[in-house]
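Visitor: Please take me closely through a single strand of this model, with its surroundings and its partners, and state the criteria behind each term.

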Amino acid sequence: MSATATAVQTPLTSLPAWKALQAHYEKVHSLHLRDLFRNDPQRGTRLTVEAEGIYFDYSKHRITDETLRLLLDLARQSGLHERIEAMFTGEKINVTEKRAVLHTALRAPRGEVIKVDGENVVPAVHEVLDRMTDFSNRVRSGAWKGFTGKRIRNVINIGIGGSDLGPVMAYEALRYYSQRDLTFRFVSNIDGTAFAEATSDLDPEETMFIISSKTFTTLETMTNAQTARDWSLRKLKDERAVAKHFVAVSTNEKEVTKFGIDTANMFEFWDWVGGRYSMDSAIGLSTMLAIGPENFRAMLAGFRAIDEHFRHTPFEKNLPVLMGLLTVWYTDFFGAETVAVLPYEQFLRRFPAYLQQLTMESNGKHVTLAGERVNYATGPIFWGEAGTNGQHSFYQLIHQGTRLIPCDFTGFSKTLHPLGEDHDLLMANVFAQGEALAFGKTAEEVKAEGTPDWLVPHRVFEGNRPTSTFLLDELTPASLGKLVALYEHSVFTQGVIWQIDSFDQWGVELGKVLAKKIVGELEGSGPAPGSHDTSTTTLIERYRKARG
Ligand code: F6P
């Protein structure tokens, strides 16, 4: 294993920059954004970065120049630069699974050399992309026929977690660019309702299933895949139909073959692509089918632009580094427990859900790379909602509740659907919310409006609620790629500071194992056969009795 991956690290809380930040926090935590802006007329232009078509305004954060200096010191003392290089060059930085972490290779241009165990992985990436391109062109043009000779009109992706959330999010986000005579559906949940509802109005003769699973052993996906097979064959009545209606995206050739899918219809990816980092691998096959190979490659170019920015830009101008450091600042020093992701773009409505896996499966860890329990907070809870909907729901708590919730606003200067004044109204709300959260409204201002004294406290907005604003030109495949890559690398930055393995997910194992055990105990009636605590036993027994 590489030296960088296993190097003994100074504990985070012993780093000089961490200690300096602790002392610094005491001095600055009560500063108000009103004063920070009043004392620095340039703040709103100074604390911004523009790169790769993204304007990032971080001036409405509770930081001073000294805070930034210390956070950047923390990044350096944490070896962030070395860790970035280790990731990009294929070192096995996922130490608990002994794997390289190379989603960045998925968007590397032909001709680049990135080695894992001495082998250049880039040619294989492009070989798969080329196969995906050929397949997508055939399905999109109608050249690929179903078993009975009809063209494919419906595509259903069956997968879960990283094999679902990225594809769904990207399909929704880029629907404007999609081929509208193809219908796309996504089945993830192990719940008959999900499959039944997705297929109720579809004809098996015109329906193709993409079985997406890195491992090809995931219970939900394999169960749904079997249901899909039965559903298809009930009408098509011939095993040979599987070859025309099922394709697989996986790293596991053996299991794909066992399921009955010809490996000619398998699109490969590799163990160095984490599930939640896989939307631009073959897992994105549904995305390519929807938006076409050219648009898919434009999306990859967007990812690549941010990869290059992250790898080569000095930290003080580096978007993902700044984003990651700000998250650390609020999580560890202010005790903030969540981050709200608020894209003002209807097409990005699944973006918060996508980010939940990316951020929380990556950084929801309490043990360092060295196996020690951390004595500081790690990954915050990411959540959110698109557009102004949240304003009429949970923004009340962000404005006037007792919790500090840093918010990420994302907006686009141009809309894909210009309708009257809609877009100006939408964007006015982005800017208004950032302003209201930062500066609030004082008791004096409320009183001056003629508010009776008893009502004044209720109408005061304390302000000092921190926000980031990301302004992009237009939602395109490339800009989506850039946005996702920003968060991927921000998550990486946070994980490096927290000294955790952002690329494993052992926390999902126990529930899976117990569910496998319990499922065998649900049949029959009377006392539950397994040995569980009294709560679980009672729940199982009630279920056994009720299901009959
Ligand atoms: O939830 C755990 C997990 O392993 C995720 O990391 C992954 O994205 C998901 O399950 C699906 O796994 P697979 O692609 O192997 O079916």
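**Strand S5 and its neighbours**

Guide: Strand S5 pairs with strand S6 (residues 183-187) in the parallel sense over five bridges, where two strands count as paired if DSSP finds at least two bridges between them. Strands here are DSSP runs (E, at least two residues) and helices likewise (H or I, at least four), numbered from the N terminus. The model is a predicted one, in which local features need pLDDT of at least 70 and side-chain atom pairs count only at pLDDT 80 or more, while totals for chains, interfaces and linings use all residues. Residues are numbered from 1 along each chain as its sequence is written, and side-chain values use heavy atoms, with hydrogens and water left out.

Within the pairing of S5 with S6, Asn154 has Thr183 of S6 as its bridge partner. Between these two strands the chain passes through helix H8 (residues 165-173), and this β-α-β crossover is right-handed, that is, with the strands pointing away from the viewer, the path from the first strand over the helix to the second runs clockwise. S5 also pairs in the parallel sense with strand S7 (residues 207-212), again over five bridges, and there Ile158 is matched with Ile211 of S7.

As for the surroundings, five of the five residues of S5 (residues 154-158) are buried, so the strand is largely enclosed by the rest of the structure; buried means under 20% relative accessible area, exposed over 50% and partly exposed in between, with a 1.4 Å probe and protein chains only. In a regular strand the side chains alternate between the two faces of the sheet. Both faces of S5 are covered, with Asn154, Ile156 and Ile158 buried on one side and Val155 and Asn157 buried on the other.
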